[in-house]
Amino acid sequence: MTGSGTMHLSPLLDVIRPAYAPCEHFRGVCRQMRWSPTKGHVPRGFCGALGTAIEVQLVLVTAEPGDPLPGEVHSGIQSTVAYSLRGLREGVTPFHRNICLILDLCFPNQSLDEQLRRTWRTNSVLCSAMEECGPVPRAVESACMRRYLAPQLALIPHALVAALGGKAQKRLAREGIAFFPALHPSSRKSNAEKHASWRALAAELHGRDV
């Protein structure tokens, strides 16, 4: 969604769109994962790339979405993107507020819309774990990353990929995806440690422009 309130149809969304058929893996390796749009359980947690793919400089990858918030209902991919964007614009949770802090460090003195032209935010696994923050079967991780994450990254090979949190970092490493490690927005580390980690990420990004 752009500042004018219209949905920007990024080619990155075209990669994820088949997950709303729903995803073919729900009939196989992911049959234990949850698909319930009226309860908010759909592939979600991605947004950004509000301009062209070539403008994306940074990819923020976390593990998987948490449980849906109270009253969260989805009608398709556009509603999930709009929900993610609203979370950032309104700072709905500490997670969203810390994502915005990371964006401010990486793209200082820019509006959120300008930052989101340069950023793609996604998950290594698009569906929630059966228990929030709990384990996800290795086969599910691999199937989701190969079907969705790898093709997303193939569209923006010039961008710096940041894996936020140990769970995402382990998954990307197993799939041979290069990334810069940083703390998760919901990390229990001190604010000083989190901010230092995110400043290091910003320095890495800025160093690519030198």
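**View 1. The buried residues of helix 6 pack against strand 2, helix 5, strand 4 and strand 5.** Keep in mind while you look around that this is a predicted model. Helix 6 covers residues 166-174, and its buried residues are Ala168, Gln169, Arg171 and Leu172. They span an arc of only 165° around the axis, so they sit on the same side of helix 6. Just after helix 6 comes glycine 176, with a positive phi near 75°.

**View 2. Here is the open sheet, built from 5 strands.** Read across it and the order is 1-3-2-4-5, with mixed pairing. Which strands stand at the edges? Strand 1 and strand 5 (180-182) do, and each has a single partner strand, so one side of each is left without a neighbour in the sheet. Further in, strand 2 (residues 58-62) pairs with strand 3 in the parallel sense, over 5 bridges. For one residue pair to look for, take valine 59, whose bridge partner in strand 3 is tryptophan 120.

**View 3. Helix 3 and helix 6 both pack on the sheet.** Helix 3 touches strand 2, strand 3 and strand 4 (160-164), and its direction makes about 155° with that of strand 2. Helix 6 touches strand 2, strand 4 and strand 5. The angle between the directions of helix 6 and strand 4 is about 130°.

**View 4. Helix 2 meets helix 3.** Helix 2 is made of residues 77-90, and its axis lies 8 Å from that of helix 3. The two pack at an angle of about 75°, which means helix 2 is roughly perpendicular to helix 3. Who makes the contact? From helix 2 come Ser84, Gly87 and Leu88, and from helix 3 come His96, Ile99 and Cys100.

**View 5. Cysteines, but 0 disulfides.** Why is there no bond between cysteine 23 and cysteine 30? The closest cysteine sulfur to that of cysteine 23 is in cysteine 30, but at 6.0 Å it is too far for a bond; a disulfide needs the two sulfur atoms within 2.5 Å. Cysteine 100 is in no disulfide either, with its nearest cysteine sulfur, that of cysteine 47, 9.1 Å away. Are these two residues buried or exposed? Cysteine 23 has 8% relative accessibility and counts as buried, and cysteine 100 is buried too, with a relative accessible area of 16%.

**View 6. A cis peptide bond joins alanine 21 and proline 22.** Most peptide bonds are trans, which makes this a spot to pause at. Omega here is about 5°. Proline 22 belongs to the loop between helix 1 (11-16) and strand 1 (47-48).

**View 7. Asparagine 109 and cysteine 133 have positive phi values.** Most residues other than glycine have a negative phi. Asparagine 109, which is not a glycine, has a phi of about 60°. You'll find asparagine 109 in the loop between helix 3 (94-106) and helix 4 (112-117), and with 83% relative accessibility it counts as exposed. Cysteine 133 has a phi near 70°. That residue is in the loop between strand 3 (119-123) and helix 5 (138-155). Cysteine 133 also counts as exposed, at 69% relative accessibility.

Conventions. Residues are numbered from 1 along each chain as its sequence is written. This is a predicted model: local features need pLDDT of at least 70, side-chain atom pairs count only at pLDDT 80 or more; totals for chains, interfaces and linings use all residues. Side-chain values use heavy atoms; hydrogens and water are left out. Buried means under 20% relative accessible area, exposed over 50%, partly exposed in between (1.4 Å probe, protein chains only). Helices (H or I, at least four residues) and strands (E, at least two) are DSSP runs, numbered from the N terminus. Two strands pair if DSSP finds at least two bridges between them. Contact means heavy atoms within 4.5 Å. Axes are lines fitted to C-alpha atoms, for helices over the stretch in contact, and angles run from 0 to 180 degrees between N-to-C directions. The arc is that of the directions from the helix axis to the C-beta atoms. Angles under 35 degrees count as roughly parallel, over 145 as roughly antiparallel, 65 to 115 as roughly perpendicular and the rest as oblique.
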